[in-house]
Each structure stands twice: as structure tokens, then as C-alpha cells.
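Open the model in your viewer and keep the selection panel handy. We will go through it stop by stop.

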Amino acid sequence: MTSKALLLVSVAASVVAACGNYSNEDLEFMAAVPSSSQLAVVLPATTNQNQAELAADTHNGIGQVNSLLDDVLGLIDTVRSYEPTTRKTNERIWGPFPDSNNPGWQWQLDVTRSDATTFGYVLEVAKSATPDDWVQFLSGSFDAAGGAKQGNGMVTVFFSNLANAGFPIDPQTAKLTSLMINYQNYQTPGSPVSATLVIQQLPDTNGVTSLTFTYEILADGSGEIGFTLVGNIVPGPNIETLTINAQWLASGAGMATLAVVSGDGAGLTQVECWDASFDPTYNSKPWMTNENVGDPTQCPAAPTF
Amino acid sequence: MRASAKTAAGRSPLVTLATLVALTVLLAEGGARADVLHRFAVIAGNDSGGSDTRPLLYASADANKVYDILTRLGGVRAEDAILIIDGGASDVLSALGKVEKQAAEAARRGEHTALFFYYSGHAKDGALRLGESRLPVDALRGLIAAAPVDVRIVILDSCRSGAIARSKGARKAPAFAIESESPRDAKGMVILTSSASDEDSQESDAIGGSYFSHHLASGLLGGADRSGDGQVTLFEAYAYAYDRTVADTADSAAGAQHPTFSYDLAGNGDLVLTDVASRHEGIYLPRQAPSGVYFLVDRQGFVAAEINKGEGADRRVALAPGRYRVKRRLTDRLRVGEIDVPRGTLVTLEEGSLRDAPFSADPVKGAARYDLTSRWSVGAGLGYQAVFEAPEGAGLFPPTGLLDVDFALRDFLRRDWVLGFDLAGGGTNSVVASVGAPFHFTEVSVASSLTVEWPTRYLTPFVGGRLALLLMNRTFQDNAFPAQFYATLSPGLVAGAAYHLSRSTSVVARARLHYLLYNVDGNQSLGYWELATMVTYDF
């Protein structure tokens, strides 16, 4: 065998033998789709049974947000744990993958790149029997203006599409129609991860059709969140609409302001502060003055956004 | 007239002088006859020269060949010959004592006696090296000089190492020298050495022996019989071996090898060493056969005889019975054929029985791998690898340190070829800059290589090819990114040098240059380089 032939055989053998998923570009496509942990709200957990009332409400609100993100973006996290099935210059496709929890259904994630920093993606589901009839469950876009994983993004989740297609979903999720997330995640000092979640749902027992969460998280763990509660919260015959705006430090110490927008006690405001153990240090609750404690000087300094 | 066949003018003043002296001796003595001498022989061959020398390949084979010729054609009876293969100095001394005793008894019976002593093997620091034992040359010469025989013929094929054609003998010090002038204690003694005192004696894989012994044997088989009388004398044999050895080694890396000859045969005349006519067995090259060098190749592919036939001369080649392939090399092709030598038959080689063949059909296979003394070595060391920076490849595979373990099998496929196997592993931390993702990179490689080396005393450079299976993996701190791996075969080149700290231990510096195909995000031809240093141990 001549040396030239030997070289050709060697190169051919290399071509045949080379395999793997080692790719920087894959990472860029993956980074365009937010992970649940990336947008999660972090407030130190507590086992304090007597934590401040609004701290408990904040924990509950954050729990709802994170649970929703887990449900939606966790699905993408699972898909993304595999290597792309198809690689094109400006496109990566994961799937179709069969849904092991829902036999007869399959999923596919398609991420495209329209320019160096702009990505779009669609998570679709289809019946295995009709593999071309994809139903859009989630779509989003991301502008990596600050570099990979840093920029502005938007995610829209179409719960109603799943229900309409006959995909088996739990009763709670079946009440939701859509979720829209607008976020930015510049992970630079002083620049928070911020997001707005708007949940559209079928009217609940209180007639609520829309819920909004807004939050900002700093890299050190401090943050703020604003959300709305609807219910018979203030003693009286009417249903109240309340807004809660909470702020906390990395230690967990924080403060919250509850405002009664409508219903009994409209115009009332409750202010509550708590320490790192979530014990109330100050509470001003006009409609339940016997619960008032402390004074405002015992509130922590609010984080700066 | 035998003297007419002794001309070597134009080749060497030494040979010419020897020829003239021999002529004078022959004229004075009226020629010699093999049958007037009772011949004894001690023949020794040892491939090993001890721990500080590299094993030879053909010393024992050469000794066997000379033993066969002397007992078959040289008038030495089997009971008067002792063959010592891989024996020590004590074996040689014991054999000499035994033979001298026999010779003394023959002398008492009024017989003329001759003693042949042939040695092929290592020599160093003025001593023959027989394995780990030493036999000082001065002591040997004195012993043989004192032997109770009329003629003593000493043939030594030994000296130092060479380069492309492997040489024989010592490494560290000049080989012993034997004066061309006849010493006072050498009356009736002839000494042939394979090379001058400052030269290497070389072996050849192509002929499967040392050049000198090979040509001496070919001469004794009949190639040296320039007189055409069917007898090969000492001077004919020497002149033939000298001419052919110098010619064959002239272009070798070790330089031309000049056999030497000293003698004092006063009162004994020239000696007939072999009688190829009386045997009437072998191959006959008739006068009308084209001139040139005829290679007579045995069934194993080794050159049994290499006969330089002159124009208009004929040659009897007293080969043992068997089947031989015949090769004569022309400028543009070979003439090849086959010939059977039945027992007791002298077969004439007819030119018409030969056919044209390309050089690629050369029947001379040389030393087969079975004759190579292969050996293992193991090494361990540290290396550093880096993929060449390229716009598309930058940041893919970070530079990393590697721990190397090498295994090498030397002289298995071919002399000075090294079949290598190596295993390496390493890792480092890096960041995918485009996504700011820190990761831990690990790499394992398994490879085989084939290199050619050029051993010298202190330094052995080498160069060759290598094929590596690379297994690369990285895991990210960010759980959002799955682990990634890449595996590929990577051909490359390797070069370096080994510095020998001792006979068994070396320090190796090595560089590799490899091709790396990356095909996940489209095909990209990347390359990488490696530098490593390691310590090796030869078993």
C-alpha cells in the first residue's frame, strides 16, 4: 500500500469512527431556551410555623411561580438533556421523542437561529399515529443581546392547545389557557433577572381569569415579587382583590406591603417586616390591630434594583 | 599456475601484497595439498556479548555455516571439529585444549597438522565477548600460537556496531586490533579479521549474516576459486571475501569494512581450505554463462552463496543437496530461476532456464522475522496536548496535560522497527466562552504506532506513524447542559529521540502531530500537537 493510500485509509477510518455530541454550537441553541432554574425565584425556605403572615403569602406565591416554571420549562429541561437529533446550520431539533408518561404521544423541540443572537423555539406535541399533526404547546424567542444565556426572552405556553388536541392533562392544568413569560436575565452585577408571568385561566370561583407575577432577582439572592390575590381575605361579605409586593434580602429577612384594591376594606394597606427567621418584627394591619407588632425601624433596608 | 588467479590489483594494496607474498611462497614450496594435513577446528559463535552490548542476529548462524563448510569441504573430520554455539570463554578454552591434545597425538604419529579457529560474535576492550564471559585476544593468540600444530588459521569476525547495516561488537571502546605484520610468536599462523582495527563489522538482514562471513563462506563454496582448479586456497578465499565485503559495505552508514590478513606461512606454503571439485556436488556455472553476481538462495530465502563470476570463467559451487532459487541482477531486471541439486550431483546452471523478472520478484527475502530478537519496553511519562487554534475549532478541546504509559515491541516486524501501544489520560477545566459555561474536560487515548529508529550509543532518534483512538468528554457545572463526548480515530506522525541512561533505561522526548476530524457541527479538519517526556525501560 502506498503512503498516499495509507493516508486516505486513515482519513476514511477517522470519518467512519468519529462520533459524539461534543458541540459548542449545541450549547448556544440550548442556552437560548430558559431553564426552570434560570427563571426560578429563590427565597430562603423556612420551617417556621409562626412566620410572618405576608412572608407566608410570599412563600406561597413564589411556590406557585416555581411550580409553574418547573412544569413548563422542566419539560424542556428533560428534552434538552439529550443531544439534538438533527443539526443544521441554524437549527437544532430534539426529537420526536415518545412520551413515556403518555403513550401514543410524542414531543419535539425545534430551535432556530435567525441571526447571531436571535433564537426562536417551539415545543410541539403530536399523536404518534399522526406524526405530522404537531400541536404547538410552547413557543418562545430569545435575543442574546448580552451574550449567550443573557438577554431578553419571551415564552408563551398554550395550555388550551393541549386540551383541544386531547392530550391528557390534569384538572388543575386544564383550567389554564395560557402562560406568557417575559424575562430578561442579564447576569451582570446589579442587573437582576426579571420576569413577568401572566396566567390566563378559565374563571375560577372568584371570577378570576388572569394572574400576574412580576419579580426581579439579584445575583446575591435578594429580590422582589409582586402578585395578586383574590378571595375573601378581609373579614366582610365581599371578595377582595389584594396586591402583595414583597422584597427580601439574601438572608431571607424582608418586608411586604399588602394593598386591598377592591372589596371589603378597599384602600387599606398592611405592612409587615420579618427577620432572617421569618419571625415578624413589624406588622401594621389596620383591620386587625391586635396583630400589630414592633415599629418600622425594625424593617430591613430594601434591596436596590 | 594458481598465482595467476590471485590478482586483486586496483582493489587494495594489502591484497596485492598478500598475493605477491603468496605467489612467492607457492613458487618456493611448489603448492600445497589439503590431504597432507590433519585438520582440526574449533568454531564458536555467540550472538550475545554481555549486558552492555546489543544482541547480534547471525553470529551463531555464521558459525554453523563455517562448521558445515569445513567439515563438508574443508577436510576437517567431524570428530576433529568442535562447534560451540552461545558458549562461554571456558567452553572455548576447553575445546582448544581438547583439540590440541588430539593434534599432539597426530603430530606424534608424524602427521602434519593444522588448527582452524573461527569466532563470530562480540569483541570489546581487547577481548572476545562470549555472553558475559571474556576471552582476552592476546591470551587466545598466545594459546593458539603455542598449540602443537604446524599451521594455525584464526578467523575472527567481530568488532563494533554500525548504523544501517548492523555492525557487530563493542560499543564503548575500540575493538581489538590485530596487526597486519606478523608478530614474532605467530610462526605458522594466519589471522583473518573481518575488519580493520578501527572499523565496524556489519551484519545484513538481506543476506542473513555478517558480510565478511557470508562472503568468506561463498568463497569457500567455490566462489573464490579464480584459478578454476576446484580448490579454494586461503589466499583465494581471503581475496574474495575482502573484495566482496568492501564492495558491499562501501555505501553503508557504518562505512566500508576492510578485512585484514596477517600470516607467516614460512615452510607451509598456501593452504587449500576447501576442495569443491572432489565433492562433485552442487551447482556448476559454465564458462559461457553470463558474468555477474549469482545469488543462490535456499528454501528459506537466505543467500546460501553469492558468486561473482567473471567473463569466461567457470565456477563450481559446492552447495549441499537441495532446491535453490537463482538470481542474477541486471541493470533493469532480474534473471531468476530454480535448480535442484541432487545428492552427489553437480548440476549445470543453464542460462536458458532463467527467466526475466522485475526487481519486486526478488527471491532474496533476507532475514525473516523469526530471526529477529524482539524485545519489549515499557515507559511512563507526562505529556501536553493542544489542538491547533482555528476559528471554528477554538475552544472545543482545551489544552490538557496527559499521563502516558507506553509499551513498545522492538525488532518484531523488522530490525529497528518499533511497534508501539500507548495509553494516555488527562483532564483540565475550561470554559465555553460563547455561552460562559465552565466545564471539566477529560481525555483518554489508546493508540498504536509504528516507528523506525536509528540506535546509537547514547541517542536513538525515531520517526513514524501513529493511529490513536481519542475519547473526549466534558461535563458542565450548569446542569442545563448535558455531558458531551467525542470519539474519533486520529492518524498522525511521531518523532523524537531516546537518550540512553543505561542499557535498559532511557529518557525519551517525543513530539506528535495528529490530524483530528471533528464532525459534530459539520466536518472540520483540526489538528493537534503533543509533547511528552518519559522514562522507558527495556526488558
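**Where the two chains pair**

Begin by selecting A:C19 and B:A487: the cysteine has this alanine of β27(B) as its bridge partner. Bear in mind as you look around that this is a predicted model.

Now widen the selection to whole strands. β1 of chain A covers residues 19–20, and its pairing with β27(B) is antiparallel, with two bridges.

Next, show the full contact between the chains, to which chain A brings 28 residues and chain B brings 24 residues. Which strand gives the most to the side of chain B that touches chain A? Colour β27(B) and you have it: eight residues come from there. Both β26 (459–476) and β27 (484–500) of chain B supply at least two residues to that side. If you colour this side of chain B by residue class, you will find 16 nonpolar residues, seven polar and one charged.

**A sheet in chain B**

Move on to an open sheet of three strands in chain B, ordered β17-β14-β20, with mixed pairing. Its edges are β17 (315–317) and β20 (346–348), each of which pairs on one side only. On average, neighbouring strands here are turned by 25° against each other, direction ignored.

Select residues 282–285 of chain B to pick out β14, which runs parallel to β20(B) in a pairing of three bridges. Within these strands, look for B:Y284, with B:T348 of β20(B) standing opposite.

For the last stop, add residues 211–223 of chain B, which form helix α5. This helix packs on the sheet and touches β14 and β17 of chain B; the directions of α5 and β17(B) make an angle of about 115°.

How values were computed: Residues are numbered from 1 along each chain as its sequence is written. Chains are lettered from A and ligands numbered from 1 in the order in which they are written. This is a predicted model: local features need pLDDT of at least 70, side-chain atom pairs count only at pLDDT 80 or more; totals for chains, interfaces and linings use all residues. Two strands pair if DSSP finds at least two bridges between them. Helices (H or I, at least four residues) and strands (E, at least two) are DSSP runs, numbered from the N terminus. Axes are lines fitted to C-alpha atoms, for helices over the stretch in contact, and angles run from 0 to 180 degrees between N-to-C directions. Two residues are in contact if their C-beta atoms, placed from the backbone, lie within 7 Å. Ala, Val, Leu, Ile, Met, Phe, Trp, Tyr, Cys and Pro count as nonpolar, Asp, Glu, Lys and Arg as charged, and the others, Gly among them, as polar.
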